[in-house]
Amino acid sequence: MREVAFIKQNKEKWLEFEQGFINNDKKNPDDLANLHIKIMNDLVYAQTYYPKSKVTLYLNKLAKKSFDDVYDAKRRDKNVILYFFLDQVPLLCYKYRKYMYLAFAFFFVCFFVGLLSTFNDETFARHILGDTYIDQTLENIEGGDAMAVYKSGSNWGTFIGIYDNNQRVGLNMFLSGLFLGIGTAFYIVQNAIMVAVFQAFFYQHNSLFDSLKGIWIHGTYEIFGMIIEAGAGFIIGASILFPGTLKRLESFKVGIRDAFYIFISTIPFTIVAAFLEGYVTRYSNKVPTIFCFAIIGFSLVSISYYYLILPFKVAKKYEVK
């Protein structure tokens with residue numbers, strides 16, 4: 001369809017839409033929501049066939065305006081915090097899902113590189129983890145308590161110290177996206193290889209089961225959350241590199257805002273991870289194995305559901321494509 005015919009065919013609908021949102025006319029929320037869906041469909045069509053046209057810019061502005069206005073009514077009916085965590089963040093995770101998948105894929109590639117490096121170079125673990133940590137852990141393994149390193153300090157002190165460290169790592173993952181995503185990629189390489197070396201080292205010294213049973217009590221939320229924070233960093237980088245129909249500055253503002261919301265959503269998981277490390281991990285060799293793996297299983301299922309499954313359910317509820 002020629003652009004002129006496309007405009008002529010849809011002009012009245014767009015004007016009705018613009019009147020409803022820009023002029024704040026009182027319309028049925030369901031009618032406005034239906035108009036929003038139609039505008040989104042028109043925007044996708046325009047981006048495909050008239051990517052550099054003014055009509056594409058026009059529709060993009062209408063769609064951006066409508067998203068906030070359409071769902072504002074739904075926001076008012078809910079607690080602000082509940083809306084943020086159960087609607088807004090899942091919708092953002094759905095919108096930017098390809099960057100989340102990229103973060104996971106890149107993390108696991110680096111993880112396997114770390115495994116192979118450790119298995120093929122006896123000195124690699126010492127280069128990554130340091131001689132002090134390796135020697136101390138070897139002493140702990142010989143003493144029959146591979147996880148003894150987690151028993152130093154008080155419960156409360158460990159909780160605070162670990163949370164501070166993990167939040168710093170997550171913040172680095174997020175803010176490094178400002179460097180076109182390259183900084184975020186660097187931190188993924190660094191942390192993924194460290195995790196891989198850690199596990200490979202315990203495997204080489206016949207303590208893999210003890211490490212899985214102990215470390216992943218807190219590590220499930222910690223590492224999963226870290227990957228999501230990296231995904232948020234990639235969103236920032238992409239908003240700079242690929243502005244689409246928006247001006248680069250406007251694209252950056254939208255990208256960093258959305259990425260920040262996703263980053264904020266990881267904080268509760270980071271807090272719980274620090275709590276588990278400070279109050280549960282240190283007792284992993286004393287509590288029943290089934291209890292440890294129940295915590296690990298619940299952690300994996302809950303955080304996977306929140307970031308990988310719930311976004312699709314919420315997007316379906318809002319009819320987002």
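In helix H4, the buried residues are Tyr83, Phe84, Asp87, Val89, Pro90, Leu91, Leu92, Cys93 and Tyr94. This is a good place to start a walk through the structure, which is a predicted model.

**Helix H4 and its bend**

Helix H4 covers residues 80-95 and bends by about 30° at Gln88. A proline, Pro90, follows Gln88 within four residues, and Pro90 is itself among the buried residues of H4.

Leu92, also found in helix H4, deserves a closer look. Its relative accessible area is 9%, under the 20% cut-off, so Leu92 counts as buried. Which residues does Leu92 touch, leaving aside its neighbours within four places in sequence? They are Asp258, Tyr261 and Ile262. Another way to place Leu92 is by its distance to Glu229: the two lie 137 residues apart along the chain, and their C-alpha atoms are separated by 13 Å.

**The chain as a whole**

Stepping back, the chain holds twelve helices and zero strands. Its pattern, read from one end of the sequence to the other, is therefore written with α alone: α-α-α-α-α-α-α-α-α-α-α-α. The C-alpha trace spans about 80 × 40 × 25 Å along its principal axes. The chain has 321 residues, and 45% of them count as buried. Taking the contacts with a separation of 6 or more, 78% are between residues 24 or more positions apart.

**Helices H10 and H11**

Two packed helices are described by the angle between their axes and the distance between the axes. For helix H10 (residues 208-241) and H11, the angle is about 175° and the axes are 8 Å apart. Because angles over 145 degrees count as roughly antiparallel, H10 is roughly antiparallel to H11. What kinds of residues make up the contact of H10 with H11? They divide into 17 nonpolar, seven polar and four charged.

Phe269 has its place in helix H11. Phe269 and Gly225 are 44 residues apart in sequence, yet 6.8 Å apart in space from C-alpha to C-alpha. Not counting residues up to four places away in sequence, Phe269 touches Tyr221, Ile303, Tyr306 and Tyr307.

**A loop residue, Ser284**

Where does Ser284 lie? Its position is in the loop between helix H11 (248-279) and helix H12 (289-317). Is Ser284 buried or exposed? With a relative accessible area of 3%, Ser284 is buried. Its contacts, again without residues up to four places away in sequence, are Met147, Lys213, Gly214, Ile217 and Cys292.

**Buried residues side by side**

The table gathers some residues and their relative accessible areas.

| Residue | Relative accessible area | Class |
|---|---|---|
| Cys93 | 2% | buried |
| Ser284 | 3% | buried |
| Cys110 | 7% | buried |
| Leu92 | 9% | buried |
| Phe269 | 14% | buried |

**Cysteines**

Two of the table entries are cysteines: Cys93 is buried at 2% relative accessibility, and Cys110 is buried at 7%. A disulfide is a covalent bond between the sulfur atoms of two cysteines. How many disulfides does the count come to? The rule used here asks for a pair of cysteine sulfur atoms within 2.5 Å, and by this rule the count comes to zero.

Note on methods. Residues numbered from 1 in each chain as written. Predicted model: local features only at pLDDT ≥ 70, side-chain atom pairs only at ≥ 80, totals over all residues. Heavy atoms only, no water. Bend = angle between axes of the 7 residues up to and from the residue. Helix = DSSP H or I, 4+ residues; strand = E, 2+ residues; numbered from the N terminus. Buried < 20%, exposed > 50% of the residue type's maximum accessible area, 1.4 Å probe, protein only. Contact = heavy atoms within 4.5 Å. Axes fitted to C-alpha atoms, helices over the stretch in contact; angles between N-to-C directions. Parallel < 35°, antiparallel > 145°, perpendicular 65-115°, else oblique. Nonpolar A, V, L, I, M, F, W, Y, C, P; charged D, E, K, R; others polar.
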